[in-house]
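Visitor: I would like to go through this model with you. May I put some short questions as we look at it?

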Amino acid sequence: NQTTMASGFLAGVGAAPVLSQALVAMQRHMNENKSLKWHAFMSHMQAEGGDAVMAIDMHLSPRGWILWTDQSPNADVTLQGMKDGVRDSAIYVLYCTTSVFKRPFVRLELLEAVKLKKPILMIYEEDGRRAKFGFNAEDGVPKGFQKITKELLRNHCAIPWERRPHLRKATIELIESRILATVTGKGVGCKPLTNITAEDIA
């Protein structure tokens, strides 16, 4: 399974140079929480953020990270499978683009993350030539979902995705540092939405 794969990676000959402090901390967290299968669940709107999420996966996977994406070989992309993927992941990652909150599947996944009080990490598109994220919690968002989007944008740090090679490495390392802070409780990490009530997500 995925946890075994990660353990094998950690023990692999020659793996040490690419291991990050964050990955070691995450694997310790996974070992303490046996129900977890994935390090992070990647939520996005395929038409706008599919290429970026694939790039993030391509950069993190060789470093030992196990991500749930809709392209992962072991991912179940049915409605229940998506919910299970969120449940079985340590962190929920939302790749934010122009129309991301208009996508029903994204709202389903985000809602599940809120219900399960999963730490949420936001990565956003800032390229104006692409589907740049406008940090608008209301535009195109169903009224009943706006409290969640407003709370998300008000209280969460977001990392801009960088495609330029000389900045992309620093972005990947920043993502890892946020994850490290989350699983160790030290520094600026991801956090769940705590100001949402049962009525808000009913």
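Visitor: Where is Lys117 found?

Guide: Lys117 sits in the loop between α5 and β4. Please note that the model is predicted.

Visitor: Is Lys117 buried or exposed?

Guide: Lys117 counts as exposed, because its relative accessibility is 52% and the threshold for that class is over 50%. Its phi is near 55 degrees, a positive value in a residue other than glycine.

Visitor: And what is phi for Phe135?

Guide: Phi of Phe135 is near 55 degrees, again a positive value in a residue that is not glycine. Phe135 lies in the loop between β4 and α6. With a relative accessible area of 39%, Phe135 is partly exposed.

Visitor: Staying in that loop, what about Glu125: buried or exposed?

Guide: Glu125, which is found in the loop between β4 and α6, counts as buried, because its relative accessibility is 1% and buried means under 20%.

Visitor: What is Glu125 in contact with, neighbours within four places aside?

Guide: With those neighbours left aside, the contacts of Glu125 are Tyr95, Cys96, Thr97, Arg130, Ala131, Lys132, Phe133 and Arg163. In addition, a polar atom of the Glu125 side chain lies 3.0 Å from the backbone nitrogen of Asp127.

Visitor: Let us step back to the whole chain. How many helices and strands are there?

Guide: The protein chain has seven helices and five strands. Along the sequence they follow the pattern α-α-β-α-β-α-β-α-β-α-β-α.

Visitor: What does the radius of gyration say?

Guide: The protein chain has a radius of gyration of 16 Å, which agrees with the value near 17 Å that a compact globule of 202 residues would have. Along its principal axes, the C-alpha trace spans about 50 × 40 × 35 Å.

Visitor: What share of the residues is buried?

Guide: Buried residues make up 48% of the 202 residues. The accessible surface comes to about 10100 Å², and 54% of that surface belongs to carbon and sulfur atoms. As for contacts with a separation of 6 or more, 74% are between residues 24 or more positions apart.

Visitor: Now the interior. Which residues of the largest nonpolar core touch the most other members?

Guide: That core has 29 residues, and those touching the most other members are Tyr92, Leu94, Phe101, Leu110, Phe133, Ile148 and Leu152. At least two residues of this core come from each of β1 (38-43), α4 (79-87), β3 (89-96), α5 (104-115), β4 (120-124) and α6 (146-155).

Visitor: Which element supplies the largest share of this core?

Guide: The largest share, four residues, comes from α5. There is also a second, separate core of 25 residues, including Ala40, Ile91, Tyr95 and Leu121.

Visitor: Which residues of α6 are buried?

Guide: In α6 the buried residues are Gln146, Ile148, Thr149, Glu151, Leu152 and Leu153. The buried residues of this helix pack against β3, α5 and β4.

Visitor: Within α6, what does Leu152 contact beyond four places in sequence?

Guide: Leu152 is in contact there with Leu94, Phe101, Leu110, Ile120, Met122 and Leu193. At 0% relative accessibility, Leu152 counts as buried. Its C-alpha atom and that of Ser20, 132 residues apart along the chain, are separated by 28 Å.

Visitor: And which residues does Ile148 touch, with the same sequence neighbours left out?

Guide: Not counting residues up to four places away in sequence, Ile148 touches Leu110, Leu111, Val114, Leu193, Ile196, Asp200 and Ile201.

Visitor: Changing topic, where is Met30 placed?

Guide: Met30 is in helix α2 (residues 21-32), and at 2% relative accessibility Met30 counts as buried. The C-alpha atoms of Met30 and Ala198 are separated by 28 Å, with these positions 168 residues apart along the chain.

Visitor: Finally, what is the average pLDDT?

Guide: The protein chain averages a pLDDT of 88, and 90% of the residues score at least 70. Over residues 2-18, however, the pLDDT is below 50. Beyond near neighbours in sequence, that stretch has 25 contacts in the model.

Definitions and conventions:
Residues numbered from 1 in each chain as written. Predicted model: local features only at pLDDT ≥ 70, side-chain atom pairs only at ≥ 80, totals over all residues. Heavy atoms only, no water. Core = buried A, V, L, I, M, F, W, Y, C linked by side-chain atoms within 4.5 Å. Buried < 20%, exposed > 50% of the residue type's maximum accessible area, 1.4 Å probe, protein only. Contact = heavy atoms within 4.5 Å. pLDDT = per-residue confidence, 0-100. Rg over C-alpha atoms; globule rule 2.2 N^0.38 Å. Areas by Shrake-Rupley, 256 points an atom, 1.4 Å probe, with all protein chains shown as cover. Polar contact = N/O pair within 3.5 Å; in protein donor to acceptor, adjacent residues only side chain to side chain.
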